[in-house]
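Trainee: Please take a close look at one part of this model for me, and then follow what connects to that part. I am new to this structure, so a careful, connected account would help most.

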Amino acid sequence: MAQTKHRIFNDYRDLFWSLIPLVLAAVVLAGVASQCSVATNGPTQGQIPHFDADAALSSDAKTLPFPIRKPALPQGWVSNSGSRDTIAAAGGGAVSTVGYITPQGTYMRYSQTDASEEALSRQELGSRYPTGTQDVAGQKWVVYSEPTEETGWIADLDGVRILITGAGNEAAFTTLATAITSARPLAK
């Protein structure tokens, strides 16, 4: 009969030695499935997903009841996401959103809606509150901020509320705000 230790005599070393085959098996399976990689020089920028902002905004312009603007952004701004949503709260409405990666690698997005500023800020900005204003290209933007959250800018352009938010610096906000302010509504 094989000699086995009683359970009371097992300790952390036995646990360690029994886990080694499991860890090795997991690493081998992850490597075979190409689900891991080793980068000795640190993380690298992945490929930015492509989103056809032109087609999405053209579709929104034809189906939503308010004017939709497509900003002409400088070289290097890449559209990577978009969505259409509804604010169900009082004063709500449809929302069209497009996200961009700036040349500096930060994410910025803007939303257009016929909802009230209060409903939009409650839905998209949560607990952030107005802390001032910015004047960009002759348009007044209300700045919503909170120390631990991303800043948001909201403006009213001919009855349409525009929200800009993201991880960019003030220059990124100003660039996007200028492009939106100077954009003409798309044809229905």
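**Helix α3 and its surroundings**

Mentor: The buried residues of helix α3 are covered by parts of the chain that include strands β3 (107-113), β5, β6 and β7, where covering rests on contact, meaning heavy atoms within 4.5 Å. This is a predicted model, in which local features need pLDDT of at least 70 and side-chain atom pairs count only at pLDDT 80 or more, while totals for chains, interfaces and linings use all residues. Residues are numbered from 1 along each chain as its sequence is written, and side-chain values use heavy atoms, with hydrogens and water left out. Helices (H or I, at least four residues) and strands (E, at least two) are DSSP runs, numbered from the N terminus.

In α3, the residues Ala 119, Leu 120, Ser 121, Glu 124 and Leu 125 are buried, a word that stands for under 20% relative accessible area, with exposed for over 50% and partly exposed for what lies in between (1.4 Å probe, protein chains only). Two other residues of this helix, which spans 117-125, are Glu 118 and Arg 122, set 4 residues apart, about one turn of the helix. Their side chains meet in a salt bridge, with 3.1 Å from N to O; the term asks for a side-chain nitrogen of Lys or Arg within 4 Å of a carboxyl oxygen of Asp or Glu. Glu 118 is exposed because its relative accessibility is 53%, whereas Arg 122, at 44%, is partly exposed. Directly after the helix comes Gly 126, which has a positive phi near 60 degrees.

One of the strands that cover α3 is β5, and Ser 145 belongs to this strand, which runs over residues 139-145. Ser 145 has a relative accessibility of 19%, so it counts as buried. Apart from neighbours within four places in sequence, Ser 145 is in contact with Arg 128, Tyr 129, Thr 131 and Thr 151. With Thr 131, the side chain of Ser 145 also makes a polar contact of 2.9 Å.

The pair in α3 leads on to other charged pairs, since the structure holds 6 salt bridges. Another of them joins the side chains of Asp 54 and Lys 70, at 3.2 Å from N to O. Asp 54 sits in helix α2 (residues 53-63) and Lys 70 in the loop between α2 and β1 (78-86), so this pair ties together parts that are 16 residues apart in sequence. Both partners are partly exposed, Asp 54 with a relative accessible area of 41% and Lys 70 with 31%.

A further salt bridge links Arg 69 and Asp 158, whose closest N and O atoms are 3.3 Å apart. Here Arg 69 comes from the loop between α2 and β1, and Asp 158 from the loop between β6 (152-157) and β7 (160-166), so parts that are 89 residues apart in sequence are tied together. Arg 69 is buried, at a relative accessible area of 5%, whereas Asp 158 is exposed, at 71%.

To set beside α3, which has buried residues such as Leu 120, consider helix α1, where the count of buried residues among its 21 residues is 0, so that this helix is hardly covered. Just after α1, Ser 34 takes a positive phi of about 55 degrees.

Technical notes. A polar contact is a pair of N or O atoms within 3.5 Å; within protein, one must be able to donate a hydrogen and the other to accept it, and residues adjacent in sequence count only if both atoms are side-chain atoms.
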